[in-house]
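Please examine the sequence and the structure shown below. The briefing that follows is arranged by topic.

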Amino acid sequence: MINIQPTVLISDAVLFLLLAAVGVYIWRARRSENARATWRGVFASGTGRWAAWVMAFFVSIGVLDSLHFRVAVETPAGQAQQYSGEVLSVLDAILTPLRTASEKTYSAPFATTLLVKESVTLADGSVARLAPAITHIHPLGTDKVGQDVLYLALKSVRTGLLIGTLTTLVMLPFACALGLAAGYFGGWVDDAIQYLYTTLNSIPGVLLIAAAVLVVDVQIDAHAEWFNSAAARADLRLLALCAILGLTGWTGLARLLRAETLKLRELDYIQAARAFGVSHGWILVRHVLPNVAHLIIISVVLDFSGLVLAEAVLSYVGAGVDPATPSFGNMINAARLELAREPVVWWPLATAFAFLFALVLAANLFADAVRAAFDPRGAR
Amino acid sequence: MLTLRDLVVSLPDGRHGVDGVSLALEAGRCLVLLGESGCGKSLTALSLMRLLPEGVTIAGGQAHLGAQDLFALPERRMRSLRGGRLAMVFQEPMSSLNPVMTIAAQIEEARAAHGSRQTVAELLDDVGLQPQHAQSYPFQLSGGQRQRALIAMMLAGEPEVLIADEPTTALDVTVQAQILRLLRDLQSRRAMALLLITHDLGIAREMGDTVAVLYAGQVVETVAAQDLFASGGRHPYTRALMQVTPSLGRRGQPLLSLPGSVPLAGAWPRGCRFAPRCSAVAPRCREASPALEAGVRCLFPVGAAPASPDPLQDGVPSRAALGSSPSCASASFGAATPREAATEAVLLEIKNLCVHYPLRRGLLQRTVDWVRAVDGVDLRLNRGETLALVGESGCGKSSLARALLRLQPAATVRGQVRLNGEEILNLRGSTLQTLRRCAQIVFQDPFSSLDPRMRVGDSLEEGLQALRPEMDSAARRQQIERMLKRVGLDVSAMPRYPHAFSGGQRQRLAIARALCIEPQLLILDEPTSALDVSVQAQVLALLRELQAEHGLAYLFITHNLPLVGYFADRVAVMQGGKIVEAGAAESVMAAPQHPYTQALLASAPG
């Protein structure tokens with residue numbers, strides 16, 4: 001039996017809390033006839049079902065990649081059991097053949113030799129330049145340090161999902177609360193919130209984020225004792241990035257919601273609710289929020305792809321996720337040099353592109369199916 | 001001049017929105033296309049212009065303008081015809097004009113396209129606009145002026161046929177009267193043929209030479225306007241339309257109650273399409289589709305020739321005039337109770353009520369002036385009484401209603417309002433909730449008054465939860481079911497969303513929602529003006545019944561004067577934030593004293 005120690009990174013905890021919340025929602029929705037019917041509507045459409053399957057595939061990869069552990073290392077008898085500094089996930093364990101099958105450097109998909117020729121001393125003592133044979137077949141090739149690209153892409157899924165969902169999680173409360181409040185209450189509340197987001201917007205976004213990330217970096221570097229592994233350190237950096245993206249990214253959605261709420265608050269049904277003496281908070285939650293939900297869903301899903309790409313931009317200026325963390329952003333960022341090589345190394349970029357495309361398209365189609373099913377004007 | 005034969009318009013899903021409509025327009029004459037919403041009026045007009053929306057197609061029929069076959073013309077030639085020989089005026093002048101172009105530039109554009117002989121100044125003069133309006137932008141003009149500008153654009157092409165699709169629906173009565181006069185003027189001066197589309201019998205009576213009544217995509221009756229209003233029409237639907245329209249003359253009588261509403265486009269019943277709502281229906285009506293014979297599409301048309309002067313003139317239908325048509329399937333209501341004798345207890349007393357909005361300017365948002373929406377209004381409303389508040393748009397009647405319900409920001413409202421003897425303008429917290437239990441409101445637009453994302457049951461429950469905390473959920477449900485039944489809907493409505501209901505049903509829902517909490521005062525803000533006349537009659541009957549049952553007091557806000565004459569006990573006429581005339585509805589309607597009231601009454605069509 002392999003002796004392992006489960007390790008919970010902060011982002012794992014957040015992810016599982018999120019999953020638990022979704023679980024609670026599903027449990028409650030199953031007991032309500034209306035909610036069941038609505039969700040059946042989501043899966044009734046062909047696209048909705050397919051998108052859900054693809055999303056489920058990505059999410060399960062992300063979840064498997066969030067079950068972390070450390071393997072026990074040989075410890076002299078009598079001492080406390082020591083564990084390896086390397087944090088692995090269940091996904092790593094499943095993908096062990098891919099993970100360990102590394103080459104020296106680039107190789108094309110299904111190639112039998114490396115991309116680069118080397119001087120090899122042959123058996124007869126002569127020196128020839130040829131591309132050495134590789135040790136394993138890699139369906140999507142290998143990258144600069146010889147890591148399997150398929151493995152990298154699968155590992156990047158978790159990073160992408162985390163950045164997309166956690167950033168949204170940080171951003172949504174700000175965008176909703178401030179946007180709705182500005183539109184609904186008007187007056188000085190509106191003024192104050194508008195000043196706030198105009199100020200935020202007037203600072204160039206990338207610079208603001210980069211500056212914030214650098215501040216966090218300094219803190220992380222100054223407190224090396226906080227982390228017991230490199231993974232924990234990379235993880236905190238990822239979380240910090242999500243928080244910073246979220247704190248600076250709520251303005252667009254807030255402005256959209258403010259405009260829509262301005263329109264809604266004059267509508268008769270809001271007035272009717274006020275005439276019934278329903279409190280402002282309840283009106284916002286029961287009448288305004290559901291009627292702007294379609295905007296939230298659409299812009300969140302569109303932002304999702306934007307955020308994954310923003311991560312690539314930030315990696316470029318050196319303020320993205322930790323370079324050791326597999327991410328689509330890092331893969332795309334590396335492609336800058338790879339595309340300039342001769343012969344061109346196209347497969348890491350193509351892989352990142354294909355995975356991102358599938359993820360973002362599935363998220364869009366699924367969100368569209370959800371929106372349609374929750375729209376009362378739909379056929380039902 | 002323009003003839004249309006057997007027009008069939010097919011909708012994107014293959015059903016027919018217009019099903020065999022034939023019309024003939026003559027130079028210098030006005031043909032009125034009369035019908036309720038969803039009958040295919042606008043589709044007919046748009047077909048003539050070949051401007052049908054995407055997916056809606058002309059599936060059959062011919063249209064000839066002179067010798068020109070309109071449906072066979074290539075699009076390029078049709079384009080020069082549009083706005084040229086054939087022009088159209090739409091309902092909403094604001095959206096028909098380009099907001100960033102001056103009036104002169106837009107008229108010039110039309111002139112350039114059609115090589116008009118008239119100058120912009122002459123065209124403006126023709127429609128009664130001042131020369132200085134030429135350089136105005138649409139937002140600088142009033143609704144009536146915009147409609148005039150639009151008509152001037154249409155005249156630039158020197159049209160032979162002018163199609164006007166509800167040209168005055170968005171306008172106040174006094175402006176409506178001016179625009180109608182202008183259209184009639186232009187028609188006779190230029191010998192144009194006018195196709196006027198309307199749902200308003202009064203406009204049909206005033207403008208039409210011939211009236212074609214449309215129902216469910218078919219012309220059910222074509223008749224000379226004077227015959228129509230002399231005899232009341234021969235098709236049961238035409239007759240019903242005349243009898244569901246409220247007026248001072250019908251005061252104290254039940255309106256004919258026409259059950260149901262116009263069927264949806266394409267979902268038409270077999271046989272005669274009016275059969276399900278017709279009270280003279282015979283078994284054969286459900287089998288055979290009647291053809292249009294001698295101007296009427298009915299197996300059992302009423303009367304023979306329209307000849308004798310008819311008591312319908314004064315709005316009182318008599319058995320003789322009804323002929324073989326059935327007696328009114330009247331809804332019973334408490335009209336017989338002498339309401340003058342009702343308790344004279346004052347429910348609502350308003351003294352010197354003002355609603356002034358500050359006009360803020362500049363960087364520091366200083367108040368530079370005040371908009372006096374309501375400016376010193378005194379009103380009194382007794383229990384169980386209906387007080388009509390009449391006025392044109394912008395006169396402050398809605399601000400008044402909002403102030404009474406404390407929906408207006410407190411800083412803008414001054415004066416005294418006593419409900420049940422208690423001053424309500426400075427109520428707060430739980431005492432304010434008490435006010436809300438006593439006074440409720442029903443809005444004009446049934447489509448925006450219910451939350452589209454909330455199930456009907458939840459919408460109805462909301463008020464109960466907030467204002468009747470003593471009720472538990474079972475009691476609330478019971479109350480909602482009772483009210484739904486009372487307004488003629490059933491429990492199956494509760495889990496559905498508002499969009500599944502027609503306009504009339506939604507208005508019933510809105511009424512049920514307000515009544516759930518059993519208020520004493522119901523403010524009705526134009527509750528029927530978005531509804532078809534036949535549905536309006538149902539809602540009015542319902543309101544009457546509820547008033548008799550619960551002793552409700554109504555503050556009935558409207559711009560529809562015949563409706564006031566029919567429905568209200570007392571009336572207050574409002575202009576520019578002030579009450580200019582108040583009194584018993586009958587006497588004010590019969591003998592108005594104030595010039596403004598007189599002008600309003602004179603403008604009401606019909």
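In this predicted model, strand 16 (residues 439-442) of chain B and strand 17 (residues 521-525) of chain B run parallel and are joined by 4 bridges. At one position of this pairing, B:Val442 stands opposite B:Leu524 of strand 17 of chain B. Strand 17 of chain B is also joined to strand 18 of chain B, again in parallel, by 5 bridges.

**Strand 17 of chain B**

- Strand 17 of chain B is mostly covered, since 5 of its 5 residues are buried.
- In a regular strand, side chains alternate between the two faces of the sheet.
- From strand 17 of chain B, B:Leu521, B:Ile523 and B:Asp525 point one way, while B:Leu522 and B:Leu524 point the other way.
- Every one of these five residues, B:Asp525 included, is buried.

**From strand 17 to strand 18 of chain B**

- Two residue pairs illustrate the pairing: B:Leu521 has B:Ala553 as its bridge partner, and B:Ile523 has B:Leu555.
- Together with helix 17 (residues 533-550) of chain B, strands 17 and 18 of chain B form a right-handed β-α-β unit.

**Strand 18 of chain B**

- Strand 18 of chain B covers residues 553-558, and 6 of its 6 residues are buried.
- B:Ala553, B:Leu555 and B:Ile557 point one way from this strand, whereas B:Tyr554, B:Phe556 and B:Thr558 point the other way.
- Both sets of residues in strand 18 of chain B are buried.
- Strand 18 of chain B also pairs with strand 13 (residues 386-390) of chain B; the two run parallel and are joined by 5 bridges.
- In that pairing, B:Val390 stands opposite B:Thr558 of strand 18 of chain B.

**Chain A as a whole**

- Chain A contains 14 helices and 5 strands.
- The C-alpha trace of chain A spans about 95 × 55 × 50 Å along its principal axes.
- Chain A has 380 residues, of which 43% count as buried.
- Of the contacts in chain A with a separation of 6 or more, 68% are between residues 24 or more positions apart.

**Surface and charge of chain A**

- Chain A exposes about 19200 Å², and carbon and sulfur atoms supply 68% of that area.
- Chain A carries 27 positive and 27 negative charges, and the mean positions of these two sets lie 9 Å apart.

Technical notes
Residues numbered from 1 in each chain as written. Chains lettered and ligands numbered in written order. Predicted model: local features only at pLDDT ≥ 70, side-chain atom pairs only at ≥ 80, totals over all residues. Heavy atoms only, no water. Buried < 20%, exposed > 50% of the residue type's maximum accessible area, 1.4 Å probe, protein only. Contact = heavy atoms within 4.5 Å. Areas by Shrake-Rupley, 256 points an atom, 1.4 Å probe, with all protein chains shown as cover. Lys, Arg positive; Asp, Glu negative; His and termini not counted. Charge placed at Lys NZ, Arg CZ, Asp CG, Glu CD. Pairing = 2+ DSSP bridges. Right-handed = clockwise from strand over helix to strand, strands pointing away.
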